[in-house]
Every structure is written in structure tokens, then in C-alpha cells.
Amino acid sequence: MTQGLYMPVISITPTISTSAYATGDVVGGKLTLEGVLMSRALLTHLAVFDDDGEGVQLDFFLFNADLEGTYTDNAAFAINASDKAKWIGQIVIETGDYLSAGADKTGLKTPINLPLERGANGNEDLFAVCVIRSSTTFTATTDLRFDFGYILD
Ligand SMILES: [Ca+2]
Ligand SMILES: [Ca+2]
């Protein structure tokens, strides 16, 4: 029996570019969510704070082991062949998922309810790559914050 549910949130403020992103570019490079796969986990929500008010679609590709390919901020995204077997799901923050909050926009996708399977190598971290789906220029390198919520059994 479970004694109680752990519902941690991992908050990541990636270092992003202030030069223009093209559609399909990686935003913030490889994201590491430490310890998410330490037990059985269920991804429950993803919140995005956009301090520049762009409100663009962001796709998050999820992997259950460290990535061998290079995923460079502001460069075109393609999954390296060696990483394809590590892909375990994705989350989309659509333009309709944002609210305007003054000059900012806040995005939320919930419920996600995506079970996260640990890879055969026993790795305990979850890895993600964020891909932008609109030509966008941010003002500051800290304009995006990603909060991943999950339930840990
Ligand atoms: Ca670019
Ligand atoms: Ca802007």
C-alpha cells in the first residue's frame, strides 16, 4: 500500500536565445528532469510561463535515458538515430493553452496522465527536448519557465 502520494514539480528555466528561432528549432537544449524515473511515475501537468508573451506552440519530446545526439538551442530539431529507442512520449503546449496575463502568457496542459517507463539501463532521470513551432524572438534568455508536475509512486 502506498503511504501517500508524492506530487513533485520540477521547475526548469532554460537558457534560451534572444536571436530569432525558426519553426522547428530546439529551445533551451537538452532538458534534464532529475529523479523523475526513480520510481513509477505519472506525468500530470506541464505549466509554461512565457515572460515575453509570445504564446507559441511548444512541443516537448520525452526520453527515458540520456541523449547521445546533440540538441543545440536555436538549431533545427531532429531525433538522432541512437535516441529513437529512448523516446517515451510527448507533450504539446498549443497556442490555445495560453492565457494572457498582462504582457505575459501562461500556458498549462493538464491532465496529461502519461505513464513514464524507466529504461532498461535503470537510469533515473527523464530527458526532454522542447521544439518551437513558430518563428519567434524572445527578449531575455530567461523568458521561459517550464514546470513539470508528476506523481511518484
Ligand atoms: Ca535557429
Ligand atoms: Ca518577442
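This note goes through the predicted model point by point, from the whole chain down to single residues.

1. **Overall make-up.** The chain contains ten strands and zero helices. Read from the N terminus on, its elements therefore form an unbroken run of β, written β-β-β-β-β-β-β-β-β-β, where each symbol stands for one DSSP strand.

2. **Overall dimensions.** Taken along the principal axes, the C-alpha atoms of the chain fill a box of roughly 45 × 35 × 20 Å. For 153 residues, a compact globule would be expected to have a radius of gyration near 15 Å, and the chain agrees with this because its own value is 15 Å.

3. **Burial and contacts in the chain.** Of the 153 residues of the chain, 31% count as buried. When contacts between residues at least 6 apart in sequence are considered, 85% of them join residues that are at least 24 apart.

4. **The open sheet.** Four strands form an open sheet in the order β2-β9-β4-β5, and their pairing is antiparallel. The strands β2 (26-33) and β5 (87-93) stand at the edges of this sheet, and because each has a single partner strand, one side of each is left without a neighbour in the sheet. Neighbouring strands here are turned against each other by 20 degrees on average, with direction ignored.

5. **The pairing of β2 with β9.** Which strand is joined to β2 by six bridges? The partner is β9, made up of residues 126-132, and the two strands run antiparallel. For a student who wishes to follow this pairing in the structure, one place to look is Lys30, whose bridge partner in β9 is Val129.

6. **The nonpolar core.** In soluble globular proteins, nonpolar side chains tend to be buried together. In this model the largest nonpolar core has 35 residues, and those with the most contacts inside it are Val27, Leu58, Phe60, Leu126, Ala128, Val129 and Cys130. Two or more residues of this core come from each of the elements β2, β3 (41-50), β4 (58-63), β5, β9 and β10 (144-152). The element that gives the most is β9, with seven residues.

7. **Val129 as an example from the core.** Val129, named above among the core residues with the most contacts, is worth a second look. If its neighbours within four places in sequence are left aside, Val129 is in contact with Val26, Lys30, Leu31, Phe61, Tyr71 and Phe77. Lys30 in this list is also the residue for which Val129 is the bridge partner.

8. **The partners of β3.** Strand β3 pairs with β10 in the antiparallel sense over nine bridges, and in that pairing Phe49 has Arg145 as its bridge partner. Strand β3 also pairs with β7 (residues 104-109), again in the antiparallel sense, over five bridges, with Val48 standing opposite Gly107. Three bridges join β3 to β8 (residues 114-116), and these strands run antiparallel too; here the bridge partner of Ala41 is Leu116.

9. **The hairpin of β6 and β7.** Strand β6 (residues 98-101) pairs with β7 in the antiparallel sense over four bridges, and the bridge partner of Ser100 in β7 is Lys105. These two strands form a hairpin with two residues between them, and Gly102 in the turn has a positive phi of about 65 degrees.

10. **Thr23, in a loop.** Thr23 is found in the loop between β1 (9-12) and β2. Is this residue partly exposed or buried? Thr23 is partly exposed, because it has 13 other C-beta atoms within 10 Å, whereas a buried residue needs 20 or more. Apart from neighbours within four places in sequence, Thr23 is in contact with Ile132, Arg133, Ser134 and Ser135. Thr23 and Ala47 are 24 residues apart in sequence, and their C-alpha atoms are 21 Å apart in space.

11. **Ser82, in another loop.** Ser82 lies in the loop between β4 and β5. With 10 C-beta neighbours inside 10 Å, Ser82 counts as exposed, because the limit for that class is 12 or fewer. Beyond its neighbours within four places in sequence, Ser82 is in contact with Glu68 and Gly69. The C-alpha atoms of Ser82 and Leu67 are separated by 8.0 Å, and these residues are 15 apart along the chain.

Conventions:
Residues are numbered from 1 along each chain as its sequence is written. Chains are lettered from A and ligands numbered from 1 in the order in which they are written. This is a predicted model: local features need pLDDT of at least 70, side-chain atom pairs count only at pLDDT 80 or more; totals for chains, interfaces and linings use all residues. Two strands pair if DSSP finds at least two bridges between them. Axes are lines fitted to C-alpha atoms, for helices over the stretch in contact, and angles run from 0 to 180 degrees between N-to-C directions. Two residues are in contact if their C-beta atoms, placed from the backbone, lie within 7 Å. The radius of gyration is taken over C-alpha atoms; the globule rule is 2.2 Å times the number of residues to the power 0.38. A nonpolar core is a set of buried Ala, Val, Leu, Ile, Met, Phe, Trp, Tyr and Cys residues joined through C-beta atoms within 7 Å.
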